[in-house]
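Colleague: Could you take a close look at a single part of this model for me, and then set it beside a few other places in the chain? I would like one connected account rather than a list.

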Amino acid sequence: MAGYELVIKGGKVATAADTFMADIGIRGGKIAALGDDLAGDRVIDARGKLVLPGGIDSHVHVAQRSGMGVDTADDFASGSTSAACGGTTTIISFAAQQRGQSLRQVVKDYHAKAEGQALIDYAFHLIISDPTEQVMGQELPGLIRDGYTSFKIYTTYDALKLTDRQVLDVLSLARREGAMVMVHAENHDIIAWLSDKLVQAGRMGPPSHGIAHAAIAEREATGRVISMGELLDVPLLIVHVSGCEAIEEIRKAKARGLKIYGETCPQYLFLSAEDLEKEGFDGAMCMCSPPPREAANQESVWTGLTTGVFDVFSSDHAPYRFEGPGGKVAGMKAGGFKKVPNGVPGIEIRVPMLFSEGVLKGRIDLNQFVALTSTNHAKLYGLHPRKGTIAVGADADIAIWDPAIERTITHSMLHDAMDYTPYEGRKVTGWPMTVLSRGEVVVDQGEPVAKIGRGQFLSCDKPDAARPRGHLPFTPEIAKSILF
Ligand code: DUC
Ligand code: ZN
Ligand code: ZN
């Protein structure tokens with residue numbers, strides 16, 4: 001069969017491994033051929049353009065209620081539309097358990113929020129805050145087998161924090177079932193102690209958030225969970241890593257051969273502690289956890305990206321509005337920095353900002369860029385090779401980039417439901433002007449053109465990346481009695 005439903009012609013194609021000139025033939029929503037002179041019913045002229053796998057953003061919060069009871073501004077419709085307009089074709093968001101809730105019910109309720117709402121495909125991670133016997137004995141193993149193969153745990157936040165003993169329970173379950181464990185690693189008591197002291201001293205402003213969430217607290221918890229992962233031989237992914245101290249813990253663990261993965265985000269490259277010091281309440285726009293560090297730290301994050309300490313670059317899009325009920329200003333007025341919802345938006349600017357500052361400025365090459373924004377996410381979370389690459393048989397999730405277009409980021413050009421962007425006024429070069437999801441053009445000339453609700457739920461395989469190394473610090477007999 002020669003003809004294709006759609007051919008993307010004459011573009012420069014890049015994957016995580018290679019860059020080459022090719023036409024792409026698409027049939028039935030999948031990539032059917034890569035070659036020269038392909039003919040199709042419809043043609044997209046990609047001469048002078050870059051043709052890349054659609055981004056995968058494996059850390060986004062949409063249609064989620066925070067521990068403080070604040071709803072994200074974005075639901076699946078606005079969040080997925082904004083993602084697509086920034087070149088992302090798959091998002092993975094969180095079905096978040098609050099204590100006392102059945103995990104099965106949480107997943108069911110979260111599906112109801114997503115059903116018929118997404119523009120692009122989506123999968124779920126789980127958040128485990130209450131590892132009861134029912135959850136650990138039945139619900140979680142069942143959900144992992146049903147395609148929810150990754151979950152996030154926290155070492156901080158009163159409403160979410162697990163004890164070290166609970167972390168070990170969860171890790172041993174992940175090992176047995178083959179799930180990927182993501183960790184929010186900050187030392188809870190250091191943060192709580194510093195916060196209380198700062199409040200007692202009357203230091204209620206956004207900068208105190210950065211001081212309380214000390215880089216040392218991040219380093220300590222990162223090192224601690226890595227030790228627990230090593231003890232039980234369980235791969236771990238440390239999410240939203242901000243400080244050079246935690247980066248160093250991950251680097252050392254990788255150098256010792258441990259399967260420890262790292263994620264960082266735009267806010268740690270493009271924001272700094274100085275942004276928390278802005279006039280009035282404006283500093284609250286840049287409050288997230290962990291917080292942006294001092295400007296010099298940004299270079300360590302770049303080095304982590306260029307040297308492979310970081311496997312994935314995600315947005316950690318946590319869209320809490322600035323104004324209005326539940327917003328950041330209301331939080332500041334109600335009780336200062338401790339009452340401000342944590343998080344910054346970034347789902348639409350994630351890939352373009354990394355392209356502009358990373359690829360065009362020569363810090364990372366195009367193939368590293370594709371790996372960090374797409375391929376590695378698919379591999380770490382069991383979506384590869386269906387997602388995250390340009391190969392025969394993969395879904396035709398493709399972003400066609402104009403590498404020379406210059407744009408100035410303003411909130412008004414973005415498609416989320418927020419009321420600000422912390423990146424207002426930043427100039428970028430390069431933007432994914434045409435985006436396809438399963439062969440359908442969902443973004444044309446930078447604007448959404450497809451129907452909300454076409455996005456499909458993706459069940460995830462158990463990722464190879466989550467398989468233990470087989471190096472336990474116990475004899476096989478002891479391991480058997482401890483772990484199975
Ligand atoms: N952790 C996240 O992953 N996102 C937003 C806030 C937080 O603490
Ligand atoms: Zn977190
Ligand atoms: Zn997050």
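**A close look at one helix residue and its surroundings**

Modeller: Val 359 is found in helix α12, and everything said about it here refers to a predicted model. With a relative accessibility of 16%, Val 359 counts as buried, because the cut-off for that class is under 20%. Leaving aside its neighbours within four places in sequence, Val 359 is in contact with Leu 354, Ile 364, Asp 365, Leu 366 and Phe 369. Further along the chain, Gly 430 is 71 residues away from Val 359, yet the C-alpha atoms of the two are separated by 10.0 Å.

The rest of the helix has a similar description, since α12, which runs over residues 350-359, is mostly covered, with 10 of its 10 residues buried. The buried residues of α12 include Arg 350, Glu 357 and Ser 356, and also Val 351, Leu 354 and Phe 355.

Helix α8 can be set beside this. It comprises the 12 residues 244-255, which at 1.5 Å a residue should span 16 Å, and its end C-alpha atoms are indeed 16 Å apart, so the expected and the computed span agree. The buried residues of α8 are Ala 246, Ile 247, Glu 249, Ile 250 and Ala 253. They cover an arc of only 155° around the axis, which means that they are on the same side of α8. As a general point, an α-helix has 3.6 residues a turn, so residues three or four places apart point the same way. Against these buried residues of α8 pack α7 (215-232), β11 (236-238), β12 (260-264) and α10 (297-306). Glu 245 also lies in helix α8, but its relative accessible area of 24% makes it partly exposed. Not counting residues up to four places away in sequence, Glu 245 touches Ala 215 and Arg 219. Ala 396, by contrast, is 151 residues from Glu 245 in sequence and 39 Å from it in space, C-alpha to C-alpha. Just after α8, Gly 257 takes a positive phi of about 90°.

Two threonines outside these helices complete the comparison. Thr 89 is found in strand β7 (residues 88-96), where a relative accessibility of 1% counts as buried. Not counting residues up to four places away in sequence, Thr 89 touches residues from several parts of the chain, among them Gly 54, Ile 120, Asp 397 and Val 435. Thr 421 lies in the loop between β14 (398-408) and β15 (427-437), and at 5% relative accessibility Thr 421 counts as buried too. Its side chain reaches the backbone nitrogen of Tyr 423 at 3.1 Å, while Thr 421 touches Ile 409, Thr 410, His 411 and Leu 414 when residues up to four places away in sequence are not counted. The C-alpha atoms of Thr 421 and Val 344 are separated by 8.0 Å, although the two residues are 77 residues apart along the chain.

Finally, there is ligand 1, whose surrounding residues include His 59, His 184, His 240 and Asp 316. An oxygen atom of ligand 1 is 2.4 Å from an N or O atom in the side chain of Tyr 157, an oxygen atom of ligand 1 is 2.5 Å from one in the side chain of Lys 152, and a nitrogen atom of ligand 1 is 3.1 Å from one in the side chain of His 61. The protein covers 94% of the 240 Å² of accessible area that ligand 1 has on its own.

How values were computed. Residues are numbered from 1 along each chain as its sequence is written. Chains are lettered from A and ligands numbered from 1 in the order in which they are written. This is a predicted model: local features need pLDDT of at least 70, side-chain atom pairs count only at pLDDT 80 or more; totals for chains, interfaces and linings use all residues. Side-chain values use heavy atoms; hydrogens and water are left out. Helices (H or I, at least four residues) and strands (E, at least two) are DSSP runs, numbered from the N terminus. The expected span of a helix is 1.5 Å times one less than its number of residues. Buried means under 20% relative accessible area, exposed over 50%, partly exposed in between (1.4 Å probe, protein chains only). The arc is that of the directions from the helix axis to the C-beta atoms. Contact means heavy atoms within 4.5 Å. A residue is near a molecule or strand if one of its heavy atoms lies within 4 Å of it. A polar contact is a pair of N or O atoms within 3.5 Å; within protein, one must be able to donate a hydrogen and the other to accept it, and residues adjacent in sequence count only if both atoms are side-chain atoms. Accessible areas come from the Shrake-Rupley method with a 1.4 Å probe; for residues, only the protein chains shown count as cover.
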